[in-house]
Amino acid sequence: MNKAIPKGATRINQRLKQFPKRHLLLVSTIAASIMGVMALLPSAEVEAKRSEISMTIDAFQPPESDSGLISSNRDTQPDPFTSTPGADKAEATVEELKQELEAKALAKAAYDLEQQLGNWHNVTIKSGDNLSTLFDSQGLNANVVYQIASTPKYGKSLGRIRPGEILEFRVNQEGNLTQLRYVQSRLDSIFFNKTDDGYQAEEINLAPEIRPTYASGTIDSSLFLASQKAGLSQNLTMELAGIFGWDIDFVQDIRGGDTFHLIYEEKFLEGEKLGDGDILAASFTNQGQTFTAVRYTDSKGDTDYYTPDGKSMKKAFLRTPVDFTRISSRFDPNRLHPIFKTKRPHRAVDYAAPMNTPIKAAGDGRVQFSGWQNGYGNVVFIEHPNNIVTIYAHGNKLAGLKKGQRVRQGQIISYVGQTGWATGPHLHYEFRVNGVHRNPMTVKLPDAKPIAKSEIANFRKRSELMIARLEKQNEILLATQ
Ligand SMILES: [Zn+2]
C-alpha cells in the first residue's frame, strides 16, 4: 500500500517478526507504551501533514490570500489578464508580443479553471466516520459517493479510509465535487478528478530526501534508555536490536559500558523530517566483544545485514518459532510425564502461548509431513539442509501446507492449540539432527547463507566504505569529547 517504503524496509519488518521471542516481547512492550502516548496527540501532527502536502502536489491552486486579492481589488488595480501591452513595448518584436499575449491567455485560462473547480475543504477522518457522513458534511449526496467509489482502479481505496487520514474536497459554486484528494500520508495520496462520465484517479507518491545520519551511545542500564539519549526512535532501536539479536540477548547479556554506533537514514520532505529510513551500518560492543553489521542489497534486490567479511548476521534457524508467554516444559530426558505420571523423557521444549498464535518455520526447508498424528495432534515436520528436522506439535489448526512444499524461515505453518496429548495450548517443538533429539534452546544454530560469491567484490566496496564512515564519525566524536 505505502509505495514510498523501499522494499528493504518491508524485509526488515519481516525479519523483526522472526526474532527470538524474548527480544520481541521487550521491544513490543516498549513500542506499545510509546504508541499509547502517541495516540494522545495525533491532531496537531495530522494538521501539519496536511498543509505540507497540499503545498506540494497542488500545482493549480493559488495561495488563498492571492485569490482574495484578485476579486476585491479588481476595480482599483489593472486587471492582470486584460490589460494590453504598454507603449514601452513599442520596440518589442512581434514575436515577443505574441508570447506575452499567449502567457496572459494561459494565466487567464488557469484562473478561470480555478473558479470552475471551486474551493478546497479539508476534513480529517475521525473514528466512526464513513464515506456517506463525510460526503454529506460537504453537501454531497449518496449519488456522488456512489460515483466516486466506482472510479476505475482507485474508487475502492475510499472504502479503506482510516482515522487520521484526510479527505480534501473541492466543490464548485454549483455544488459539484470537481476534485477530491485522499491523503493517506505525507507522501502518499490519491487524486480524483471529475470527468464527463464520473471520475478518474491517479496515485501520487512523493519520494522523500534521504540523509545519512550518525548516532552513538553508551549503555548504563538498558539499550532503550541509551538509544533514547542518542536520539534514536523506538523503531530504530528495534531495528538495531533486531540486527544484533541473533548474537546478543538484549535482556540477559547487556552490561553497563556496552556501546553502539550506527549510520542510519533520515527521511525529509521539504526540509522537514518525516521519519527514519534504514540502518546502513552499525557496530555493537557487548561485554568487550564487538559485532559489526553492514546493510547490503544484492543484484537480485535482496537486502540483508552482513558482517564486514560477508557472513550473514542471521542464523539459519529461529531459536524460538513462536511468540510464547512462558516455557511450560523444558528439554528433559528424565521428566515425569504430566498426563501419564511415568518417567517419560521430554525431548522438546513446550512453549505456552494463547490459542491460535501463529507458529513459524524455524528455517528454510521442505514439508515432510503436515497432518494428524496420535499424541502429536496436528503436527508439522520440516526437513532442512544438513539432516536437520524440526517438529511442531499440538496445533489447533494447520496452515494447509502440502508434503514436499518449500517453506521459508518465518513462514506460518500452523497455529497454537492443544490437540493430541496436551494439557493446555502450547507448541511442542523438537529439533533433530541426524535423527537425534537436541535441546532447541541450546543447540548451536548454523549461520544463514553468507554473501554470494558473485556479490563479494561489490559487497567489499560497500562494506569498506560504510565501515570507514562509521569509524571516521566515531573518531570525530571521541576527539570532541
Ligand atoms: Zn512437549
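**Sheets, helices and nonpolar cores of the predicted model**

Leu 398 stands opposite Ser 414, a residue of strand β19. This position belongs to the pairing of β17 with β19 (residues 412-415), an antiparallel pair joined by 2 bridges. The coordinates analysed here are those of a predicted model. In that model, β17 and β19 take part in an open sheet of 3 strands, ordered β13-β19-β17 and paired in the antiparallel sense. The edges of the sheet are occupied by β13 (358-360) and β17 (397-398); each has a single partner strand, so one side of each is left without a neighbour in the sheet.

The protein chain as a whole contains 10 helices and 21 strands. Of its 481 residues, 29% are buried. Among the contacts with a separation of 6 or more, 64% are between residues 24 or more positions apart.

Strand β14 (residues 365-373) pairs with two strands described here. With β18 (residues 406-407), β14 runs antiparallel and is joined by 2 bridges. Within this pair, Gly 365 has Val 407 of β18 as its bridge partner. With β15 (residues 377-384), β14 pairs in the antiparallel sense over 7 bridges, and Val 367 is placed opposite Ile 382 of β15. Strands β14 and β15 form a hairpin with 3 residues between them, and Gly 375 in the turn has a positive phi of about 90°.

A further open sheet comprises 5 strands in the order β1-β2-β3-β4-β5, with antiparallel pairing. Its edge strands, β1 (119-124) and β5 (198-205), each pair on one side only. On average, neighbouring strands of this sheet are turned by 20° against each other, direction ignored. Within the sheet, β2 (residues 166-171) and β3 (residues 177-183) form an antiparallel pair over 6 bridges, in which Ile 166 stands opposite Val 183 of β3.

Helix α7 (residues 142-149) lies across β3, β4 (188-195) and β5, and runs at about 55° to β5. One of the residues in helix α7 is Val 145. Val 145 has 19 C-beta neighbours inside 10 Å and therefore counts as partly exposed, given that a residue is classed as buried if 20 or more other C-beta atoms lie within that distance. When residues up to four places away in sequence are not counted, Val 145 touches Leu 131, Ser 132 and Phe 135. For Val 145 and Leu 131, which are 14 residues apart in sequence, the C-alpha to C-alpha distance is 7.0 Å.

In soluble globular proteins, nonpolar side chains tend to be buried together. The largest nonpolar core of the model has 33 residues, and those with the most contacts inside it are Leu 240, Leu 262, Ala 281, Ala 282 and Ala 293. Two or more residues are given to this core by each of α8 (223-229), α9 (234-244), β7 (259-269), β8 (272-286), β9 (289-297), β10 (303-306) and α10 (456-480). The largest share, 6 residues, comes from α9. The surroundings of Ala 281 illustrate the packing: leaving aside neighbours within four places in sequence, Ala 281 is in contact with Leu 262, Ile 263, Ala 293, Val 294, Arg 295, Met 466, Ile 467 and Leu 470. Apart from the largest core lies another, of 27 residues, among them Ala 353, Phe 381, Tyr 415 and Val 416.

Two helices were examined for their span and burial. In α10, the buried residues are Phe 459, Ser 463, Met 466 and Leu 470, and the buried residues of this helix pack against β7, β8, β9 and β10. At 1.5 Å a residue, the 25 residues of α10 should span 36 Å, which agrees with the 36 Å between its end C-alpha atoms. Helix α5 (residues 94-117) was assessed on the same basis: its 24 residues, at 1.5 Å a residue, should span 34 Å, in agreement with end C-alpha atoms that are 34 Å apart. Of the 24 residues of α5, the number buried is 0, so this helix lies largely in the open. Helix α5 is followed by Gly 118, which has a positive phi, near 90°.

Conventions
Residues are numbered from 1 along each chain as its sequence is written. This is a predicted model: local features need pLDDT of at least 70, side-chain atom pairs count only at pLDDT 80 or more; totals for chains, interfaces and linings use all residues. Two strands pair if DSSP finds at least two bridges between them. Helices (H or I, at least four residues) and strands (E, at least two) are DSSP runs, numbered from the N terminus. Axes are lines fitted to C-alpha atoms, for helices over the stretch in contact, and angles run from 0 to 180 degrees between N-to-C directions. Two residues are in contact if their C-beta atoms, placed from the backbone, lie within 7 Å. A nonpolar core is a set of buried Ala, Val, Leu, Ile, Met, Phe, Trp, Tyr and Cys residues joined through C-beta atoms within 7 Å. A residue is buried if 20 or more other C-beta atoms lie within 10 Å of its own, exposed if 12 or fewer, and partly exposed in between; C-beta atoms are placed from the backbone. The expected span of a helix is 1.5 Å times one less than its number of residues.
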